Amino acid sequence: MHLTSAFQDKTLCAGLLARLTRALDSLHAAGGKQLRFMEVCGTHTMAIFQSGLRSLLPKGIAHLSGPGCPVCVTHDADIAAILHLAEKDSLIVATFGDMLRVPGPNGNNLKHAQAAGARVEIVYSPLDALTLAAKNPGDTVVFLGIGFEATAPAVAATLLCACQQQRKNFRVFSLHKRVPPVLRSLLNDADTDIDAFLLPGHVSTVLGLAPYAFLAEARVPGVVGGFEPADILLALCLITEQIRDGQPAVVNAYPRAVNDAGNPKARALLDQVFVPSDALWRGMGRIAQSGFAVRPDFAAWDAAATFDLRVAETPPPRGCRCGDVLKGRIAPPACPLFGKVCTPATPTGPCMVSTEGSCAACYNYSER
Amino acid sequence: MDTCILLDDGSGGRASQRLVERCFLRHFDNPLLRRLDDAALLEDIAPPLAMSTDSYTVTPLFFPGGSIGSLAVHGTVNDVAMMGARPRYLSCAFILEEGLPLADLERVARNMADAARAASVSIVTGDTKVVPRTACDKLFITTTGVGTVYANPTPSGHNARVGDAVLVSGSLGDHGLTVLRSRENLSFLSDMTSDSAPLNSMIEHIVTAAGCVHTLRDPTRGGLATTLNEIAQQSNVSIEIEETAIPVRESVKNACSFLGLDPLYLANEGKCVCVLPEDRAEKALMAMRASPYGRQAARIGTVIKDAEGRQGSVVLRTRIGGERILGMLEGAQLPRIC
């Protein structure tokens, strides 16, 4: 797999760091303040910490970790609904692993539900959940559809398979989220202070560049980046140079994986099965058209349509400033709960919950 | 604090550590137990003995490179060996689920016998219980091992000293990933084999060749990262390791990157971490590499005092020259979503 190791090369990275420093220096010489970029992808968050890149970034640039971990942004109210589902007899919850940790309104999560007797199965692909349904005809399998546009097409395809197979004991609880609406909401939020976006590599393989065009119109650079240190550094160089040259644009710095036009087949699947809907984001509240609901044609496979899942919106936990962390207003250690009440063992807010969350990554990988 | 036991409490990370401290250590407290090494050192017996016990549960019972039977021997043999002791005798206790095919039990017993012979230990006492269907998952084994201590000084997690070299006897993550692959039927991952092996003979060669070894640990559950954190905490030092020096197979690296796992937190069953004075490192490495279980042995780092208030922690110098804290495993490692 030289495709990845070549982009972890120390010399290559040192060259890109020098280029970034030069661009930042000329920006600074022209009177620019510290450049604040936000990534909105959990894998970027992890890559930046795990590679040690954060410890190498020049002072002139600051890293903000946005609402990019799909697990982290799952709202309390939705977790409550999931826990409610898990209590039902003859029901198996099938989920990607990291959802197990996410606490609901009373601090309980799927691990607690499991210990109390709920049937929770970790799957590695939505298709595994469909197989689980075939193997357990007497039970209903509910797959938790969590993730952005990169994950949702596989769930859409699975739902179509279930429909084809007439697998009546399979449901999807769609809590999927859409990246462009949340970017727009961050951009329009007067509280945020973001100079540029490092755009998500995986999501962009599906979306392509067009849905981000509004960034350039708002004169905010958006660069699609890959996940190895050199990929990220290249994206940061392009962002800084765009700002230095006064030419903000949306560009693709990850062409070995991302097609500028995205993946039309995957988008067609999304359109066929889902329809954009308002969604709740942990720490950020309701954002218009930022989720994917299952289309009424597939209601028989939609957990939201077949179970009574309405749960009241709950206020965020006291003192928790995850909303501000997700918006890039504060860094994790500035939250009064960080590292004290809120740790990876006892997470209060979404950002500490997933290993990809901003606070967990900061707690685990950086100097404390 | 949770009011009931969660799977995390058995993951070998911080959650397990808290359970041991808040429940078992509180009730059983004594100076021998308090050391929390891989085995207890019984110095009031002549010659001194090392004693260790471990329970084994694994799904599936059989996996490439081993089975619950070979693990139950290797794991306990290795824990005794990590005290600089020569494992001699094992006890074994079985909890069997009603309905377990006799052929499976036969196969496990045969694996245990083979493993015991290869490790030069005898299984000298045992017990069998059968529980109703679903009261246990097929078959659980507990083995206890005793051995005579030959190392002087005896290695301990408390003995790492500033300036010591940190060695590892081979590639990391193979066992954890192999079991995961077998359990979850992840056939898209390339073939891999557990590293399960008896390390007693290699350890004896290391101790003899080096003359003085401060710490020996086998990085089982929780992986290398958790083991190094335990050593750093127990010895009140910090440890700095080089990412590029840590042996990890390419196939393991790729599978981990795909699944969102970190090989440094995956279990190993045939590897040891060795901390010893810098000037003995080369001899120990040669002794490791002379063993079939230590061919890829490498020096991965150094014990340091406390970089910027980081006493008791582990610092990883990354591939690209950055650095980060290598924390302890919290609960079970969960695969990431995308």
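**Figure 1. Burial in chain A.** Welcome to chain A of this predicted model, where 54% of the 368 residues count as buried. If you follow the backbone along, you will meet 17 helices and 11 strands. The C-alpha trace of chain A spans about 70 × 45 × 40 Å along its principal axes. A compact globule with 368 residues would have a radius of gyration near 21 Å, and chain A agrees, with 21 Å. Among the contacts in chain A with a separation of 6 or more, 76% are between residues 24 or more positions apart.

**Figure 2. Chain B, seen as a whole.** Here you can look over the nine helices and 14 strands of chain B. The radius of gyration of chain B is 19 Å, close to the 20 Å that the globule rule gives for 338 residues, so chain B is as compact as a globular protein of that length. Its C-alpha trace covers about 55 × 55 × 45 Å along the principal axes of chain B. How many of the residues in chain B are buried? Buried residues make up 51% of the 338 in this chain. Take the contacts in chain B between residues at least 6 apart in sequence: 84% of these join residues at least 24 apart.

**Figure 3. Strand 7 of chain B and its partners.** This close-up follows strand 7 (residues 139-149) of chain B, which pairs with strand 2 (residues 49-56) of chain B in the antiparallel sense. Eight bridges join strand 2 and strand 7 of chain B. Strand 5 (residues 85-97) of chain B also pairs with strand 7 of chain B in the antiparallel sense, this time over 11 bridges. A handy place to rest your eye is G145(B) in strand 7 of chain B, which stands opposite S52(B). G145(B) is also the bridge partner of L90(B).

**Figure 4. Where chain B touches chain A.** In this view the two chains come together, with 27 residues from chain B and 34 residues from chain A taking part in the contact. Which elements of chain B each supply at least two residues of the side that touches chain A? They are helix 1 (14-28), helix 8 (250-259) and strand 14 (323-325) of chain B. Strand 14 of chain B gives the most to this side, with three residues. Sorted by character, the residues on the side of chain B that touches chain A comprise 12 nonpolar, five polar and 10 charged.

Technical notes:
Residues numbered from 1 in each chain as written. Chains lettered and ligands numbered in written order. Predicted model: local features only at pLDDT ≥ 70, side-chain atom pairs only at ≥ 80, totals over all residues. Helix = DSSP H or I, 4+ residues; strand = E, 2+ residues; numbered from the N terminus. Rg over C-alpha atoms; globule rule 2.2 N^0.38 Å. Buried ≥ 20, exposed ≤ 12 C-beta atoms within 10 Å, placed from the backbone. Contact = placed C-beta atoms within 7 Å. Nonpolar A, V, L, I, M, F, W, Y, C, P; charged D, E, K, R; others polar. Pairing = 2+ DSSP bridges.
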